[in-house]
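Trainee: I have a structure open and some questions about it. Can we go through them together?

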Amino acid sequence: MALDDGAIGRGIAPAGASRGAREAVDARDGGERLGGFDVRGAVDTVLTRVAPRLAAVELDTPLAADRVLLELDDSPTKSAIGGNVSVATSIACAQAFAISAGLPLWRVLSGDAPVSVPLPEVQIFGGGAHAGRRIDIQDLMVIARSAQSVEQALEMTAEVYLAAGRLMAERGALAGVADEGGFWPAFSTNEEAIEMLLRAIEAAGYVPGDEVAISLDIAASELRTDHGYRLALESRSIDSAAMCALLGGWLDRYPICSIEDPLAEDDIEGMRRFTRAFGKRVQIVGDDFLVTNAAFVEAAALQGACNAVLVKPNQAGTLSEALDALTTARRMRWSTIVSARSGETEDTTICDLAIGWNARQLKVGSITRGERTAKWNALIRAEQALGAAAFADGGWLPVSTRRG
Ligand code: 2PG
Ligand code: MG
């Protein structure tokens, strides 16, 4: 995206392996070439349908281009132009605006409102759709609750990651990494993976819960079948109530501070039951369940399902719609987490969103792989500009249990 003053902004659309059924759908070419994943048609849409309309627009705010994108396609799934077309254009325009203003994007997004450097949520083991379904749970992550700066949070997390690697090597279970850079989950049960995460926190010298807490993304929609929730690793299927009980047992036994998509996107009753039972003890995050959609956030909050939203711009299709979901969640007194995708790119715009929109938490996968470290480095640079006082520490996050 090039402006008249010469400013050029770029945007890249990420992709997800475990996708919500109601999220924006990318335009792909289909057919034989590149497995059908190529996006020549999407590029053509940008050049022939989007660009001519944008040329007539005055970019008077960072999100001004979204008006045009929404005129072209206001469907929640972006079925007319494609979610990838929409989100990449939306990002490119916001970046062009910031470059023209000579300011970081987070600064132009915040205006006079408060900003913060978000608390990192970092994957140590990958599973589910990100690891050939080697284990059922998708993300086993840590949150450095006691860190007082993003630099410290990342150092603590890196120590846990290294300790996890040493423990896996000792067991002869080190087998590379999953999609988002977390270790490949060579475990025989799901709970063994959580137990190993706990041991890695201890081996790194931290107090589990108080200093470094566990965060899980169950991605339960991926486990849903006609017979309930399929735990392939344990060769059994369980119903929604049993799933709640299983996860409740983990909350009792492990110092967990956040759990994402504990029940499936279509199991509203289950999510309400789970939130009633555990919503005071732990952050309950809707990802596939809410697909970054303001109306779904509002409905879930009114029904008592979840207490936090994961904000993925490409689920919504424009930055404006993602912001709408975030501000709706905030109005409902929920916590907010901006998130990367499993098929992530080197684009670091999500860091600007997390800082400028004051989301206070950021989930980016692990601490390895360039597309992930690009984001952590962007946070460190923002913290250098803003000072450690701008860091959104995690001391307030409740922890489900503490081991005595
Ligand atoms: C998620 C993300 C990141 P994906 O489920 O939260 O872990 O994965 O991009 O595959 O949806
Ligand atoms: Mg998720």
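**Two helices and a metal site**

Mentor: Start with a pair of helices. This is a predicted model, and in it α1 passes α2 in a right-handed crossing.

Trainee: Which residues in α2 meet α1?

Mentor: Look at the α1 side first. It offers R49, V50, R53 and L54. Their partners in α2 are A65, V68, L69, E71 and L72.

Trainee: How many residues of the contact of α1 with α2 are charged?

Mentor: Sort them by class. Six are nonpolar and none are polar. The charged ones number three.

Trainee: Is α1 parallel or oblique to α2?

Mentor: Take the axes of α1 (residues 40–55) and α2 (residues 65–72). They come within 10 Å and cross at roughly 135 degrees. Roughly antiparallel would need an angle over 145, and roughly perpendicular runs from 65 to 115. That makes α1, relative to α2, oblique.

Trainee: Now the metal. Which residues are the protein donors of the magnesium ion (ligand 2)?

Mentor: The donors lie 2.0 to 2.2 Å from the ion. Their spacing along the chain is D-x42-E-x26-D. They are D217 (OD), E260 (OE) and D287 (OD).

Trainee: How many residues apart in sequence are the parts that D217 and E260 tie together?

Mentor: Find each one's strand. D217 lies in β3 (residues 213–217), and E260 in β7 (residues 256–260). So the pair ties together parts whose separation in sequence is 43 residues.

Trainee: Is D217 buried or exposed?

Mentor: Buried means under 20% relative accessible area. D217 has 1%, so D217 is buried.

Trainee: What is the relative accessible area of E260?

Mentor: E260 is buried too. Its relative accessible area is 1%.

Note on methods:
Residues numbered from 1 in each chain as written. Chains lettered and ligands numbered in written order. Predicted model: local features only at pLDDT ≥ 70, side-chain atom pairs only at ≥ 80, totals over all residues. Heavy atoms only, no water. Donors = N, O, S within 2.8 Å, 3.2 Å for Na, K, Ca; no water. Helix = DSSP H or I, 4+ residues; strand = E, 2+ residues; numbered from the N terminus. Buried < 20%, exposed > 50% of the residue type's maximum accessible area, 1.4 Å probe, protein only. Axes fitted to C-alpha atoms, helices over the stretch in contact; angles between N-to-C directions. Parallel < 35°, antiparallel > 145°, perpendicular 65-115°, else oblique. Left-handed = near helix turned anticlockwise from the far one by under 90°. Contact = heavy atoms within 4.5 Å. Nonpolar A, V, L, I, M, F, W, Y, C, P; charged D, E, K, R; others polar.
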